[in-house]
Each structure stands twice: as C-alpha cells, then as structure tokens.
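Trainee: I have just opened this one and would like someone to walk me through it. Where should we start?

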Amino acid sequence: MSKYEVAVVGVGAVGEEMLRVLSEHNFPASNIRVLARSERTISVDGRTYQVQATTPEAFDGVDVALFAGTEGEKGAAVTFGEEAVRRGAVVIDNGADFRMRADVPLVVPEVNGEALRNHKGIIANPNCSTAQLVMALKPLHDFGKLTRVLVSTYQAVSGAGSGGVAELKAQTKALAAGEPIAPPSTFSTQIAANVIPQIGGFDDLGYTSEEMKLVHETHKILGDSTIQITPMITARVPVVLGHSEAVYVETERPISTYEARRLWGDFPGVVVLDEIHGKNVAQAYPTPLQAAGSDMTFIGRIRQDVSRPNGLVFWVVSDNLRKGAASNAVQIAEKLVELDLLRR
Ligand SMILES: NC(=O)c1ccc[n+]([C@@H]2O[C@H](COP(=O)([O-])OP(=O)(O)OC[C@H]3O[C@@H](n4cnc5c(N)ncnc54)[C@H](OP(=O)(O)O)[C@@H]3O)[C@@H](O)[C@H]2O)c1
C-alpha cells in the first residue's frame, strides 16, 4: 500500500484532534509534519510531535496538507495554501477562506465525495454546524426532495478553538469558587451559566456569519440552491464538546418517521438514537456528551410536524471537532486515496 507525506498545519483544538484521528484511522502516512506559528514540542495521547514553524519550504515533498490554522488574511490557509499546492500538495482546509470558491469542492465524503474528482489542489471542509446538518439532510433530500429547512443550533465552546474552552473552564471555576469573572476575550459576554445567541459577526439583515454559512454551504454541498433554508439562530452554549441542532424540514414527497429512521439507518456515518419510551436512557436521544469522541452524527427526537403536512422535526448531535472538522478532513484524505487522487 502507498504511503503519503502528511502535513498538519495548526495544533489548536482542531489540529490536535487531527493528529489523534490520523493515528486512530491508521491513515497511510509515511510521516506527519506538524506545523504552526512557532516551534515547540507537543504531546497528544502520549505521542510526542515536534512542531515546526510554517514556511513555504515546509511543504516541499508533502502529498496532503491538512490545514487547521486560523482563518482570514493572516491565517495559515490564505498565507500558505496556494503555495503548498504549487509545491505539489493537495490542501484540505478547515477554515472558511476557500469554501465558497467555485473551483474548490466543499466536501462531506458520505454526501458528495464524488465532488473530489474535480479538485484543483484545494478542497474545503465545511463549517462544523453544516457538516452534521448535511449528514442528516442528504438521505431525506434524495428520497423526498427538501423544499424547506429551518435550523437552530446549540454550539459548544470548542467551536471557537482552544481559547473558547479555556474561557468556559476559567469562568466555571471562578463561578464555583464565588470569585469575580475576568472580562471575556473569546466570546462577546460571559458564557458560563449562559447562552449567547450570536456566533460570528452580523450582516445588514441581522443574520450572523455562522447562520449564513448554514445556508450557503448546505446549498453547495447538496448541489441544490432551491432549498429554502432559514437559519433560526446559531447559539453558543456552555458545553465543551459537541454541537446540537433542532431541525425542521418539509419535503415534496411526504416522509414518515418510520421512513426517516430507515433512510438514516441506511446512511453511512449516521446513528439513530430515538427510543423515548424505552428503558435505556442512552438510547432515548443523543446528547453532546454522548457524541464526544465519536465520528458519527446522531439523530433523535424524530417527529411528524403537528401543524403542517410533509413536515418532519428532529435533533442532530455530533462532535464538532471530529465530524465537524478533523474526522471529516481525514475522511476526505482517505477518499482521495481511495479515488487515487493523491500523487505517489
Ligand atoms: N473548532 C471547531 O469546532 C472548528 C470546526 C470546523 C472548522 N474549524 C476551523 O478550523 C480552523 C482551526 O480552528 P481551531 O479551533 O483549531 O483554532 P485554534 O484552537 O485557535 O488553533 C489555531 C492554530 O492555528 C495555528 N496558526 C494560526 N495562524 C497560523 C499561521 N499563519 N500559520 C501557521 N499556523 C497558524 C496556531 O498556531 P500556534 O499554536 O503556534 O499559535 C494554532 O495552533 C479554523 O479555521 C476554524 O474556523 C474549527
């Protein structure tokens, strides 16, 4: 079996998880170069990695580069993405910088893996909240053609990187000790014992960037911009790991709850946990704690709409650092290997 030279750029919340997933999945790596802003040694699950500073030359000889750096003008992907491609690497980027570019496939392998065949060097991973949403929507769309989607999200602080986790932990500790809470630096206001109905900046209509990502990225991944998608709210909740979503869909062809369970049951990467009348609480519905550490997307609380025909309501939970970021990126790399789209 061929082995590939891998680079992981960024060792924050997502980058660290990427190293974990590459190892767990036994990705056929001949070597893993770990790059960030500054040199140091890190340890992930007892394995030591030497972190190098990211430079253009660091991508020489790399076959696949998994980017998990910060976004934007001075971010890792904008600074080094095209350069890595010029030097022969296929780039898989976790940030938002390339997602909506027409020449960049935006991929969730179970949903639109075939789009990888059109890649020109850069491939984008969707936003964490989009990844789990399209996992739930794809089989419904294929069966009944979605006409309308309403979604509200309840997102973990790790979605804001390692700084978000540190802030929740520090505030929770101060609250428990009855000490004053330091002014927030990652979030707009206190996150401990709170819910913040804002993720990203606001546009002219009052939607946040996170809300509009759900619309545009879902259209691109499902290849259908006729679906009417309303992002009701994307909220930050005091949960460390795992995003949850309340979703309402309408379809052209009615889908019963029985049919929906069958469709999700047959779909790779999805697990239905919906035994509300059973004795086993773990099977009743998914929670973020339950999803943490798993690559799967969990669906529960499946109901027929009580007020409109052809409507279905459900709850989707997934580990935002896994399916929402690192695992999806590694799955893209695995699919590239499967499709023979990486150089040898
Ligand atoms: N967290 C999530 O749930 C999630 C989900 C989907 C997508 N994403 C995206 O994934 C990316 C990483 O997120 P994160 O949560 O892991 O962020 P993070 O915890 O803040 O970590 C950022 C990492 O990027 C490195 N970095 C920043 N600028 C760089 C540059 N110019 N060159 C090289 N390395 C650079 C940093 O290096 P140093 O350590 O040396 O400072 C750090 O290791 C972001 O684009 C984010 O939007 C995150």
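Mentor: Let us start with a sheet, keeping in mind that this is a predicted model. Here 6 strands come together as an open sheet with mixed pairing, and their order across the sheet is 9-8-10-13-12-11.

Trainee: Which strands stand at the edges of that sheet?

Mentor: The edges are taken by strand 9 (228-236) and strand 11 (270-272); each of them has a single partner strand, so one side of each is left without a neighbour in the sheet. Taken on average and with direction ignored, neighbouring strands of this sheet are turned by 20 degrees against each other.

Trainee: How do strand 12 and strand 13 run, parallel or antiparallel?

Mentor: Strand 12 (residues 297-304) and strand 13 (residues 311-318) run antiparallel, and 6 bridges join them. If you want one pair to look for on screen, Gly-300 has Trp-315 of strand 13 as its bridge partner.

Trainee: And which strands does helix 7 lie across?

Mentor: Helix 7 (residues 257-265) lies across strand 11, strand 12 and strand 13, and its direction is at about 170 degrees to strand 12. Helix 6 (residues 209-222), for its part, lies across strand 8 (146-155) and strand 9, running at about 145 degrees to strand 9.

Trainee: OK, new topic. What about the sheet with 7 strands, what order are they in?

Mentor: That sheet is open with mixed pairing, and its 7 strands follow the order 3-4-2-1-5-6-7. Strand 3 (40-44) and strand 7 (122-124) are at its edges with a single partner strand each, so one side of each has no neighbour in the sheet. The average turn between neighbouring strands of this sheet, direction ignored, is 30 degrees.

Trainee: How many bridges join strand 1 to strand 5?

Mentor: There are 4 bridges between strand 1 (residues 4-9) and strand 5 (residues 64-67), and these two strands run parallel. Within that pairing, Ala-7 has Ala-65 in strand 5 as its bridge partner. Helix 2 packs on this sheet, where it touches strand 1, strand 5, strand 6 (90-93) and strand 7, and the direction of helix 2 makes about 160 degrees with that of strand 6.

Trainee: Stepping back, how is the protein chain divided?

Mentor: The protein chain is divided into domain 1, which covers 4-126 + 325-338, and domain 2, which covers 130-320. The centres of the two domains, taken over C-alpha atoms, are 25 Å apart, and the contact takes 14 residues from domain 1 and 20 residues from domain 2.

Trainee: Which helices supply the domain 1 side of that contact?

Mentor: Helix 3 (109-112) and helix 10 each supply at least two residues there. By class, the side of domain 1 that touches domain 2 has 8 nonpolar, 4 polar and 2 charged residues.

Trainee: Helix 10 again, then. At what angle do helix 4 and helix 10 pack?

Mentor: Helix 4 (residues 128-144) and helix 10 (residues 322-338) pack at about 85 degrees, and their axes are 8 Å apart. That angle is why helix 4 counts as roughly perpendicular to helix 10. On the helix 4 side the contact is made by Cys-128, Ala-131 and Gln-132, and on the helix 10 side by Lys-323, Gly-324, Ala-325 and Asn-328. Sorted by class, these residues are 3 nonpolar, 3 polar and 1 charged.

Trainee: Last thing, the ligand: which residues come nearest?

Mentor: Of the 32 residues around the ligand, those that come nearest are Gly-10, Gly-12, Arg-37, Gly-95 and Gly-161. The shell has 10 nonpolar, 19 polar and 3 charged residues, and at least three of its residues come from each of domain 1 and domain 2.

Trainee: Which helix gives the most to that shell?

Mentor: Helix 1 gives the most, with 3 residues. Helix 1 (13-24), helix 2 (76-86), helix 5 (162-177) and helix 10 each supply at least two residues of the shell.

How values were computed:
Residues numbered from 1 in each chain as written. Predicted model: local features only at pLDDT ≥ 70, side-chain atom pairs only at ≥ 80, totals over all residues. Axes fitted to C-alpha atoms, helices over the stretch in contact; angles between N-to-C directions. Parallel < 35°, antiparallel > 145°, perpendicular 65-115°, else oblique. Contact = placed C-beta atoms within 7 Å. Nonpolar A, V, L, I, M, F, W, Y, C, P; charged D, E, K, R; others polar. Near = placed C-beta within 6 Å. Domains from an automatic or database assignment. Pairing = 2+ DSSP bridges.
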